[in-house]
Amino acid sequence: MAIKSSNLLTTKPSPLTAMVTLLILFILAFYTLHFPHPSLSNKTTFQNIFLSSSSNSTISTYLRTLTMHPHLAGTKPNSKTATFLLNHFSSLNLPSHTTSYKTLLSYPLHSSLTAHFSNHSSPLNLPLTEPSAPSVVHAYHAYSPSGSVFAKPVFVNYGRDIDYRALGVDVKGCIVILRKGGNLGRSAMIEKAEANGAVAVLIYNDEGDTWRNGFERGHVMKGVGDPLSPGWGSSVDGSERLSLEDNEVLKRFPKIPSMPLSAEVADTVLSSLGGSPVPLDWRDAFNSKVTHVGPGPTMLNFTYLGEMKVATIQNVFAVIKGSEEPDRHVLLGNHRDAWTYGAVDPSSGTAALLDLARRFSILLSSGWKPRRTIILCSWDAEEFGMIGSTEWVEQNLINLGSKAVAYLNVDCAVQGPGFFVGSTPQLDSLILEVIKKVKDPDSEGVSVYDTWAAAAGGNNIQRLGRVDSDFAPFVQHAGVPSVDVYYGKGTYLAKLARGFCFIYGKSCYSADFPVYHTAFDSYNWMAEYGDPFFQRHVAVTGIWGLLALRLADDSILPFDYLSYANELQLYRDILSNMLDQKISVHPLTSSIEEFASAAKEVDDELKELRLLETAGQFVDMKRRAMNDRLMLAEKGFLDGDGLEGKQWFKHLVFGPPNDPEKLDFFPGIADSITRSASTGERERLAEIQHEIWRVARAIQRATSALRGEFT
């Protein structure tokens with residue numbers, strides 16, 4: 001018997017069936033449009049997709065491409081690198097653009113160093129750049145003045161005040177030779193040498209037994225940003241610029257010439273010195289053959305000729321627009337320019353940024369839409385004094401003040417083993433949560449947190465008062481909560497325990513990898529020594545991205561100001577123990593107690609808000625208001641007058657002190673203690689007390705912002 005077929009497409013349904021079917025289709029369509037599939041709407045799912053899409057081979061490929069040629073700021077190869085990033089972002093369908101500035105940069109034209117020894121041998125022309133690196137810029141100090149001197153050399157250890165006192169030798173009219181370190185940056189070293197009467201400065205790095213023929217390039221300018229546009233962005237469209245002869249510009253540069261030396265060249269000169277023996281305190285801490293400090297009897301003929309010129313730099317951006325709060329921004333930044341090939345500094349971070357873009361693109365294709373806007377930032381001319389990021393921050397200061405949730409910085413993503421993280425304190429808890437979710441790249445079966453906490457003895461998050469990477473303008477000028485992450489802490493934490501990395505010249509990193517700013521900072525060095533399997537790159541990218549996902553997607557910002565209150569209380573206690581009892585810390589005590597009380601109130605409010613699962617206009621408004629308070633509190637620590645003599649630096653809790661070995665927080669108070677040492681008792685007490693009041697008022701402003709109320 002034949003079976004009669006039924007055509008469902010032609011069978012007429014009953015009116016009731018049709019109505020029910022239409023209702024079901026309407027409900028499904030509504031939920032499909034407004035509530036994506038549960039497995040994809042879950043934040044944890046997207047975080048897992050992000051982590052599982054890592055690829056060490058992809059990052060390795062990015063790094064190889066980035067390091068094929070040197071890419072110094074203001075040069076054509078660096079412009080091509082900007083185009084490479086722009087094309088990469090565009091290929092992933094991420095809206096992208098560049099912002100250009102005309103800024104003052106500095107380049108070498110000629111340099112020479114000849115040693116005339118006392119044994120009447122022929123003068124020796126000493127090398128001033130690495131062998132077999134023809135495409136790399138010759139070793140130099142950017143912004144060094146040109147000059148030519150013929151003088152006796154004298155060894156001055158790190159060039160600190162204590163070193164000049166221990167030396168017991170008059171250095172007037174001499175060329176001083178300094179070794180890198182001692183918590184001083186290049187600019188501070190040269191400034192102190194100049195104050196002691198030296199006519200030129202030669203700086204070498206002897207930290208390590210290998211790569212001793214590398215020359216550490218760097219800048220010697222004071223402060224950050226374009227010196228011709230202090231405080232405003234130097235756009236290409238005819239913005240105001242100071243002249244090179246302006247006093248405000250001239251005071252940013254040293255008055256005596258300087259040059260980097262390799263450890264090998266330094267040994268050649270130092271081993272020929274006579275005069276006084278090296279002080280006992282210096283002998284155990286360096287690898288050089290030096291036994292005497294001079295001056296002479298060797299004579300040095302040193303010449304440097306450089307040029308300063310206005311050049312165009314480019315910042316590159318990719319923007320992932322937020323779906324619910326597009327006017328709130330999470331910024332992730334890395335600088336792109338390098339002194340040489342820059343495999344570590346900064347291309348390891350640039351490779352991570354490229355991989356972030358790739359992985360965020362995968363999330364977008366999986367249905368992810370960030371709640372808030374994410375901006376990937378590639379800064380230019382960081383090596384010349386954080387110029388690209390500073391110009392952009394100055395140009396966008398108002399928007400940053402009201403719209404920036406946080407800035408997440410990665411400079412050198414990988415320098416070697418050992419995890420490092422620094423942040424403003426309200427992000428501590430989030431950092432600890434995130435690094436518990438990322439696999440340790442050097443140990444099986446444990447997280448980054450497990451290894452880091454065991455090595456550091458617990459919570460060892462550093463603070464962002466130093467000025468050695470692009471977080472500086474965000475924290476210290478704009479008051480944006482920030483994080484700085486990298487692998488390869490080396491001896492960095494030990495340095496911090498002894499003192500503080502000084503502000504001018506990015507000197508902290510040199511102890512962490514021996515090819516810092518040299519022609520040997522290449523892909524081959526990274527693949528052989530820094531991160532042979534590129535798993536540390538994967539870990540940093542994972543941490544960077546998870547921080548961004550939490551800050552972009554959490555309905556309530558994951559900030560914890562109880563941590564900030566604890567940090568401020570610790571600072572108050574340390575300060576109290578070192579101050580004269582005639583100086584009152586009561587203003588600080590009372591303001592910190594009020595801040596701690598506000599932080600506890602906010603913590604209680606946050607617990608209640610997080611229990612409100614239902615969405616609605618009232619709940620959304622409460623969350624939005626709370627997030628504004630959490631965002632804006634950091635800006636309370638800014639002071640419009642800034643630090644004395646360094647007015648651009650506005651943050652009164654985290655900033656660059658003049659003498660970081662004495663105090664590495666409350667920079668205004670730290671500087672007043674240093675300055676007042678040479679004044680009368682009454683003036684000394686008054687100046688320190690005034691700075692204490694200033695910090696107390698800043699903490700009060702932060703408290704008001706955190707509470708979201710007028711006084």
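**Close-up 1. R371 and E324 pair up across the chain.** In this predicted model, the side chains of R371 and E324 meet in a salt bridge, at 3.1 Å from N to O. The two partners come from distant parts of the chain, 47 residues apart: R371 sits in the loop between α11 (343-365) and β12 (372-379), while E324 sits in the loop between β10 (299-320) and β11 (325-335). R371 counts as buried because its relative accessibility is 14%, under the 20% cut-off. E324 is exposed, since its relative accessible area of 54% is over 50%. Zoom out a little and the pair turns out to belong to a network of salt bridges that links E324, E325, D327, R328, R371, R372, R624 and D628. For the wider tally, the structure holds 42 salt bridges.

**Close-up 2. E433 and R550 join two helices.** Here E433 forms a salt bridge with R550, and the closest N and O atoms are 2.8 Å apart. E433 lies in helix α14 (residues 428-435) and R550 in helix α19 (residues 535-553), so this pair ties together parts that are 117 residues apart in sequence. How accessible is each partner? E433 is partly exposed at 39% relative accessibility, whereas R550 is buried, with a relative accessible area of 13%.

**Close-up 3. R684 reaches a loop and a helix neighbour.** D580 and R684 form a salt bridge, with 3.3 Å between the closest N and O atoms. D580 lies in the loop between α20 and α21 and R684 in helix α24, so the pair ties together parts that are 104 residues apart in sequence. D580 is partly exposed, with a relative accessible area of 29%. Helix α24 itself covers residues 681-707. The side chain of R684 also makes a polar contact with the side chain of E681, at 3.3 Å. Setting aside residues up to four places away in sequence, R684 touches D580, S676 and T679.

**Close-up 4. Helix α23 is tucked in among its neighbours.** Seven of the nine residues of α23 (residues 667-675) are buried, so this helix is largely enclosed by the rest of the structure. The buried ones are P667, G668, I669, A670, D671, S672 and I673. What do they pack against? The buried residues of α23 pack against α20, α21 (586-611) and α24.

**Close-up 5. Y143 and F253 stack between two loops.** The structure holds 36 aromatic pairs. One of them is formed by Y143 and F253, which are stacked at 5.4 Å centre to centre, with 5 degrees between the planes. Y143 lies in the loop between β3 (141-142) and β4 (147-151) and F253 in the loop between α8 (247-250) and β9 (258-261), so the pair ties together parts that are 110 residues apart in sequence. Both rings belong to buried residues: Y143 has a relative accessible area of 0%, and F253 comes in at 9% relative accessibility.

**Close-up 6. Helix α20 carries a tyrosine pair and part of a surface patch.** Y561 and Y564 form a stacked aromatic pair, 5.9 Å centre to centre and 10 degrees between the planes. Both lie in helix α20, three residues apart, or about one turn of the helix. An α-helix has 3.6 residues a turn, so residues three or four places apart point the same way. Y561 and Y564 are both buried, and they belong to one aromatic cluster with Y571, F595, F637, F654, F665 and F666. Further along, M578 is also found in α20 (residues 561-578). M578 is partly exposed, at 36% relative accessibility. Together with L570 and I574, M578 makes a nonpolar surface patch of about 240 Å².

**Close-up 7. V310 in strand β10 meets residues from elsewhere in the chain.** V310 has its place in strand β10 and is partly exposed at 44% relative accessibility. Which residues does V310 contact, leaving aside neighbours within four places in sequence? They are K102, T103, L104 and L228. The C-alpha atoms of V310 and D226 are separated by 9.9 Å, although the two residues are 84 apart along the chain. For the chain as a whole, 79% of the contacts between residues at least 6 apart in sequence join residues at least 24 apart.

Terms used. Residues numbered from 1 in each chain as written. Predicted model: local features only at pLDDT ≥ 70, side-chain atom pairs only at ≥ 80, totals over all residues. Heavy atoms only, no water. Helix = DSSP H or I, 4+ residues; strand = E, 2+ residues; numbered from the N terminus. Polar contact = N/O pair within 3.5 Å; in protein donor to acceptor, adjacent residues only side chain to side chain. Contact = heavy atoms within 4.5 Å. Patch = residues over 30% accessible without salt bridge, like charges linked within 9 Å, V, L, I, M, F, W, Y side chains within 5 Å. Areas by Shrake-Rupley, 256 points an atom, 1.4 Å probe, with all protein chains shown as cover. Salt bridge = Lys/Arg side-chain N within 4 Å of Asp/Glu carboxyl O. Buried < 20%, exposed > 50% of the residue type's maximum accessible area, 1.4 Å probe, protein only. Phe/Tyr/Trp six-rings, centres within 6.5 Å; stacked < 30°, edge-to-face > 60°.
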